[in-house]
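Here is a walk through one protein model, written for someone who would rather look at side chains than at statistics. Keep the viewer open and follow along.

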Amino acid sequence: MPADMPRPANPAPPAPDFPWPDGKQSAFFLGFDVDAESVWLGIDRRNAERLVTMSYGGSEARVGIPKLLELLAHHGAKATFFVTGWTVDAHPAACEAILKAGHEIAHHGYWHLRPEPGDDEVMREEVERGFEALKRVLGVVPVGYRAPSGESCVALLKMLRERGIRYSSSWRDDIRPYRHLLPDGPGPIEIPVNYSLDDWNFGITHRMSPRALFGREAVLSIWRDEFEQTHAWGGVTTMMLHPQVSGRPMRHRLLDEFLTHVAGFDDVWWATGRDIADHYERCEAASGA
């Protein structure tokens, strides 16, 4: 097929309609992106000298992560924390606390550099350094990955597959998990993200644009509506939360109210990324796919 012929960006077939465990109607996946200061360094290394800008990320280890761990314990919820290697090296105690609380640690690059097609050496260094830091500091070999700045490409998916990554949670094109199809065969499972469920869009954009912060009621309304309709459709509600956003006072209260709302539905399966990947693989094997 000529390169300029229209074709879908994602060649994977439609997501299989595997049932959720225990007859549940939908799944709820709490995912946190633990970027700390690395997100600001990934945007511009000169931010290292812009200390107020860096303090946005620094709030994660000082306040955000401890408060969110308290909140998750209150709700009896387990989450997946996608952690950059830089954050593990800079804030080992905060990351150890996540692990000690029984949450899943997953891969989120090293410097929080957006994967760029054609920059294979940079992508490989981000992947390898991220693995190395998680193993060296926490003793963790992750099975999940979320792309910094939410970007991906075929070369990156191949690298992740080669290193044993079983699932990604970066793409925005479905409400149910599916398996990537790469030119040379199957790729990782994708647990898709909904852009509306990314707290960064509502709670910190003022640092990079003139748009005002969204108030609590506006965000809570969006999250409730997205969750309830995703639940009705039998999908997975995938959260993309950041401790430097949802770990702040009003945002923390907002998340608490939202989790209480979700908990009011007794037919929702609360799961980590690893849980969802395990379930998908069991269903896939049973179906002979």
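R46 sits in the loop between α1 (38-43) and α2. In this model, which is a predicted one, R46 counts as exposed, with a relative accessibility of 58%. Try spotting R46 and V154 together: they are 108 residues apart in sequence and 30 Å apart in space, going from C-alpha to C-alpha.

P148 makes a nice contrast. This proline belongs to the loop between β5 (144-145) and α6. P148 has a relative accessible area of 1% and is buried, because the limit for buried is under 20%. What does P148 touch, leaving aside its neighbours within four places in sequence? The list is H108, G109, H112, L113, R114 and P115. As for H107, its C-alpha is 9.6 Å from that of P148, with the two positions 41 residues apart along the chain.

One of those contacts, H112, deserves a look at its backbone. H112 has a positive phi of about 60° and is not a glycine. You'll find H112 in the loop between β4 (104-107) and α5, where it is buried at 6% relative accessible area. D22 also has a positive phi without being a glycine, this one at about 55°. D22 is in the segment before β1 and is exposed, with 72% relative accessibility.

Here are the single residues discussed in this report, side by side.

| Residue | Place | Relative accessibility | State |
|---|---|---|---|
| R46 | loop between α1 and α2 | 58% | exposed |
| P148 | loop between β5 and α6 | 1% | buried |
| H112 | loop between β4 and α5 | 6% | buried |
| D22 | segment before β1 | 72% | exposed |
| G31 | strand β2 | 0% | buried |

G31 is part of strand β2 and is buried, with 0% relative accessibility. Neighbours within four places aside, G31 is in contact with T80, F82, R146, M239, M240 and L241. From G31 to D225 the distance is 19 Å between C-alpha atoms, with the two residues 194 apart in sequence.

Now for the inside of the protein. In soluble globular proteins, nonpolar side chains tend to be buried together. The largest nonpolar core here has 35 residues, and L30, F32, F81 and W223 are the members that touch the most others. Two or more residues each come from β2 (31-34), α2 (51-75), β3 (80-83), α4 (92-100), α5 (120-138), α8 (216-233) and α10 (249-263). There is also a second, separate core of 17 residues, with W20, I189, A271 and C283 among them.

W223 is a good residue to click on. Not counting residues up to four places away in sequence, W223 touches S196, L197, D199, F202, M239, L241, L254, L255 and F258. W223 is also in an aromatic cluster, along with F28, F227, F258, F265 and W270.

Across the whole structure, a search turns up 14 aromatic pairs. F18 and Y280 make one of them, edge-to-face, with 5.2 Å from centre to centre and 75° between the planes. F18 is in the segment before β1 (26-29) while Y280 is in helix α11 (residues 273-287), so this pair ties together parts that are 262 residues apart in sequence. Both F18 and Y280 are buried.

The pair of F28 and W270 has ring centres 4.9 Å apart and planes at 65°, so this pair is edge-to-face too. Strand β1 holds F28 and strand β10 (residues 268-271) holds W270, so here the pair ties together parts 242 residues apart in sequence. Is each partner buried or partly exposed? F28 is buried, at 1% relative accessible area, whereas W270 counts as partly exposed at 27%.

Last stop: a helix pair. How do α5 and α6 cross? The axes of α5 and α6 (residues 154-162) come within 10 Å and cross at roughly 35°, and the crossing is right-handed. On the α5 side, D120, M123, R124 and V127 meet A155, L156, M159, L160 and E162 of α6. Sorted by class, that contact has six nonpolar and three charged residues, with no polar ones.

Notes. Residues numbered from 1 in each chain as written. Predicted model: local features only at pLDDT ≥ 70, side-chain atom pairs only at ≥ 80, totals over all residues. Heavy atoms only, no water. Core = buried A, V, L, I, M, F, W, Y, C linked by side-chain atoms within 4.5 Å. Buried < 20%, exposed > 50% of the residue type's maximum accessible area, 1.4 Å probe, protein only. Helix = DSSP H or I, 4+ residues; strand = E, 2+ residues; numbered from the N terminus. Contact = heavy atoms within 4.5 Å. Axes fitted to C-alpha atoms, helices over the stretch in contact; angles between N-to-C directions. Left-handed = near helix turned anticlockwise from the far one by under 90°. Nonpolar A, V, L, I, M, F, W, Y, C, P; charged D, E, K, R; others polar. Phe/Tyr/Trp six-rings, centres within 6.5 Å; stacked < 30°, edge-to-face > 60°.
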